Amino acid sequence: MSVNPGEVPETLDEAPVAPDSRTADSATGFTELDLALVDALQAAPRAPWTRIGRALGVDATTAARRFERLRAGGLAWVTAYDAAKTATVAYVEVRCRPRAFDRVSAAVTALPWVFGVDETAGDFDLFLSVAAPDLPSLGRAVHGGIGGLRGVRSTRTRLGITLYGEGRDWRMRAMNPAERAGLGGPPGPHPRSYSTHLHERPGPQDQALIGALGGDGRLGYAELGARTGMSEHTARRRLQRMIRDGDISLRCDLAHPLAGLSTMVVYRTSVPHALLEQTGNALARLEQVRMCVSVSGPYNLLVLVWLHGLGAVDPFEALLAERFPALEVRDRTVSLFSRKRMGWLLDEQGRAEGRVPLGLPEL
C-alpha cells in the first residue's frame with residue numbers, strides 16, 4: 001500500500017487491534033516499538049508510512065496507527081518551525097520575586113515568541129528560549145515584555161550565535177544504524193548561525209506553510225494546501241523548496257520523561273575560542289546532548305542534555321572531562337518542569353497538551 005506523507009491509510013479504523021505488549025499507554029510511557037517509531041520519524045519526519053514501516057519491519061497501516069495513538073496521547077508529535085538562519089534567538093534566565101513564580105511562569109508561557117520555558121532549580125527560576133526579528137526587537141521584547149512583568153526580579157540574556165545541534169538533530173537511537181540508513185533524511189548536526197536581522201525571513205506563503213506544519217508536521221499536501229489557501233501542487237512545490245534550501249526545520253518530539261529521560265540539565269561552559277567550533281561540533285554528536293550553542297557572555301558554550309536520572313549527572317560530567325579536557329563547566333542547572341517546547345505546552349510528564357503558535361514580538 002502506498003501512503004502519502006502525513007496521511008493515515010484508509011484501513012486504519014477497519015478493525016480494532018487487540019492489546020499486546022507493544023501497545024503504548026500514555027500513563028506509563030513507550031514500548032520498544034514506539035521508541036523505534038519515534039527514532040524513525042526523527043530521521044525522516046515526513047517519510048511515507050510505507051518507508052517508515054519498512055524500516056521498522058511492520059506494515060504502513062501499523063506504523064500509522066501506532067503513531068496516531070502516540071500523537072493522540074501527547075506522547076509524540078511532529079512539528080515545524082523557522083530555520084535558525086531566519087531568527088535572532090536568545091536564552092533568558094529569569095529570577096522571580098517570592099510568591100510571583102507561578103504568575104510569571106504562566107505569563108511567559110503564553111507569549112508566542114517565547115518558544116521554550118523551563119522551570120529550574122539553580123540561581124535562576126526560569127530558563128526561556130526566545131526569538132525576535134532583529135537585535136533591537138529582541139532587546140525591547142526581553143526588557144519590556146519579560147523584564148516588565150509584575151513579579152520579575154531580574155533577567156539575564158545570552159544571545160545565540162552558532163547552533164551546533166538542537167532538537168531537530170537529536171535522536172532516540174532506538175533503531176540500529178542499518179535501519180536508520182534506509183530512511184535517508186537530513187545529515188547529522190552541523191553548525192548554523194542565527195540571524196541578527198530580518199531580511200532572510202520567509203515570505204507570507206512560506207510562513208503559512210510553516211505555521212500549518214507547526215501544528216502537524218505530517219500534514220498531507222492536499223490538506224496543507226487547503227489550510228494555507230494554496231493548491232496542492234503549490235504547497236508541495238514550496239515546501240520541497242524550503243526543505244531543500246534549509247528554510248524550515250522539521251522534527252519529531254516526545255514526552256522524554258516517559259521515555260526514561262527524566263532529567264534535563266542546562267550547562268554553562270567555557271572553552272578556548274580556538275577550540276570552540278571543534279568542541280561544539282563534537283558535543284552535539286553525544287547521545288545525551290539535546291542542544292549545543294555558542295552564546296554571548298563570559299561562558300561561551302551553552303549545552304542542554306537529557307539524562308536517565310540525576311544519578312547520570314556525575315558519569316556524564318566525567319565523560320566531558322575525559323573527552324574535552326579544555327572544557328570547563330561553570331554552572332549546571334536542573335530543569336524541574338519543561339512547560340513549553342517549540343510552542344507546545346507540556347504537562348509534568350512531558351506530554352503535549354496544547355500549543356501556542358509561534359510568532360515574533362510586535363513592538
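**Exercise 1. Find which residue of β7 stands opposite Trp-77, and describe how the two strands concerned are joined.**

Trp-77 stands opposite Asp-253 in β7. Strand β1 (residues 76-82) and β7 run antiparallel and are joined by seven bridges, where two strands pair if DSSP finds at least two bridges between them, and strands are DSSP runs of E with at least two residues. This is a predicted model, in which local features need pLDDT of at least 70, side-chain atom pairs count only at pLDDT 80 or more, and totals for chains, interfaces and linings use all residues. Residues are numbered from 1 along each chain as its sequence is written, and side-chain values use heavy atoms, with hydrogens and water left out.

**Exercise 2. Decide whether strand β7 (residues 248-254) is enclosed or not, and examine its two faces.**

Begin with the count: seven of the seven residues of β7 are buried, so the strand is largely enclosed by the rest of the structure; buried means under 20% relative accessible area, with a 1.4 Å probe and protein chains only. Next, recall that in a regular strand the side chains alternate between the two faces of the sheet. In β7, Ile-248, Leu-250, Cys-252 and Leu-254 lie on one side, while Ser-249, Arg-251 and Asp-253 lie on the other, and both faces are covered.

**Exercise 3. Place β7 against the whole protein chain by stating what share of the residues is buried and how many helices and strands there are.**

Of the 363 residues of the protein chain, 55% count as buried. The chain has 11 helices and 13 strands, helices being DSSP runs of H or I with at least four residues.

Key: Buried means under 20% relative accessible area, exposed over 50%, partly exposed in between (1.4 Å probe, protein chains only).
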